Structures are given as C-alpha cells and as structure tokens.
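Colleague: I have a model open and would like to learn how to read it feature by feature. Could you take me through it, with the general idea before each case?

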Amino acid sequence: MSPNRLFAFLLLFLATNSAYAAPTDPQRPLQMLGCYACHRLDGVGGQLGPNLTDIGQELTVLELRLTLVTGQKTDNTQHMPRYDYLPEQELQQLLNVLKQR
C-alpha cells in the first residue's frame with residue numbers, strides 16, 4: 001500500500017471515529033481533518049491557505065464541495081489535500097460547518 005493511500009485511510013479512520021463523535025463541538029471536523037494547519041478561523045490557525053472565518057459568505061456550497069473533493073488549487077503554488085474519500089454524510093457535515101461561517 002502506498003504511503004498516500006495509507007495516509008488517506010488513516011485520515012478516514014480518524015474522521016469517522018473521532019471527528020463526528022462530538023456533535024456539540026461544530027469545529028471538531030475542522031480540527032480532526034487538520035484544517036487549522038493551513039487555515040485561520042476566528043484568529044486561530046495557519047496562514048498558508050485562505051482564512052475560513054467568513055468562507056460561508058464568500059463561496060457557495062457547490063464551490064466549497066468542489067474545493068474539498070478535488071483539492072482545487074488555491075493559488076499558483078499551493079493546493080489543499082483532496083477529501084474525496086469522506087463518506088457523503090461526513091462531507092455534508094463539514095460543508096454545513098463551513099457554510100455557517
């Protein structure tokens with residue numbers, strides 16, 4: 001098994017077993033998927049990717065989905081990982097969190 005595939009399976013395991021176990025914490029999916037490593041949200045997190053604080057007002061649900069599933073480039077030098085392995089229900093939960101921003 002390639003390292004990339006193993007990493008994807010590990011992320012999937014963590015996401016399905018931890019990220020959605022606490023529905024009272026809406027930021028948990030973002031934490032478990034590592035979004036804060038590159039993105040800022042309410043002043044917390046990295047600065048490599050776009051700020052997610054108001055992302056729900058800047059992008060449509062379709063644009064958010066496209067970015068998450070394809071890893072669409074955010075600029076000429078950086079791109080985000082693809083989350084095309086997430087089950088639909090978990091992807092929808094993540095989209096709901098982002099759209100509420």
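Modeller: Happily, and let us start with a pair of charged side chains. Arg101 and Asp42 form a salt bridge, with 2.7 Å between the closest N and O atoms. The term stands for a side-chain nitrogen of Lys or Arg within 4 Å of a carboxyl oxygen of Asp or Glu. One caution early on: this is a predicted model, where local features need pLDDT of at least 70, side-chain atom pairs count only at pLDDT 80 or more, and totals for chains, interfaces and linings use all residues. Residues are numbered from 1 along each chain as its sequence is written, and side-chain values use heavy atoms, with hydrogens and water left out.

Colleague: Which parts of the chain does the pair of Arg101 and Asp42 tie together?

Modeller: Arg101 lies in the segment after α5, while Asp42 is in the loop between β1 (40-41) and β2 (44-45), so the salt bridge ties together parts 59 residues apart in sequence. Helices (H or I, at least four residues) and strands (E, at least two) are DSSP runs, numbered from the N terminus.

Colleague: Is Arg101 buried or exposed?

Modeller: The general idea is a cut-off on relative accessible area: buried is under 20%, exposed is over 50%, and partly exposed is in between (1.4 Å probe, protein chains only). Arg101 has 18% relative accessibility, so the residue counts as buried.

Colleague: What does the backbone do at Asp42?

Modeller: Most residues other than glycine have a negative phi. Asp42, in the loop between β1 and β2, has a phi near 55°, a positive value in a residue other than glycine. A positive phi of about 65° also appears at Gly71, just after α4.

Colleague: How many salt bridges are there in the whole structure?

Modeller: A search finds 3. Arg65 and Glu88 make one of them, at 2.8 Å from N to O. This pair links distant parts of the chain, with Arg65 in helix α4 and Glu88 in helix α5, 23 residues apart. Arg65 is partly exposed at 24% relative accessibility, and Glu88 is partly exposed at 46%. Asp84 and Arg82 also meet in a salt bridge, at 3.1 Å from N to O. Asp84 is partly exposed with a relative accessible area of 42%, and Arg82 is partly exposed at 49%.

Colleague: Let us step back to the fold. In what order do the elements run?

Modeller: From the N terminus on, they run α-α-β-β-α-α-α, which comes to 5 helices and 2 strands. Of the 101 residues in the chain, 33% are buried.

Colleague: Which residues have the most contacts inside the largest nonpolar core?

Modeller: A nonpolar core is a set of buried Ala, Val, Leu, Ile, Met, Phe, Trp, Tyr and Cys residues joined through side-chain atoms within 4.5 Å. Here the largest one has 17 residues, and those with the most contacts inside it are Leu30, Leu33, Leu68, Tyr83, Leu86, Leu94 and Leu98. Both α4 (61-70) and α5 (88-99) supply at least two residues of this core, and its largest share, 5 residues, comes from α5.

Colleague: Which residues of α5 are buried?

Modeller: They are Glu90, Leu91, Leu94, Leu95, Val97 and Leu98. To read a helix face, take the arc of the directions from the helix axis to the C-beta atoms. These residues cover an arc of only 160° around the axis, which puts them on the same side of α5.

Colleague: And which residues of α4 are buried?

Modeller: In α4 the buried residues are Leu64, Thr67 and Leu68. Their arc is only 95° around the axis, which puts them on the same side of α4. They pack against α3 (55-58) and α5, where contact means heavy atoms within 4.5 Å. Thr67 is buried at 16% relative accessibility and touches Gln72 and Met80, not counting residues up to four places away in sequence.

Colleague: What does Ile55 contact beyond its sequence neighbours?

Modeller: Leaving aside neighbours within four places in sequence, Ile55 is in contact with Leu64, Leu98 and Arg101. Ile55 lies in helix α3 and counts as buried at 7% relative accessibility. Ile55 and Leu98 are 43 residues apart in sequence, yet 6.6 Å apart in space, C-alpha to C-alpha.
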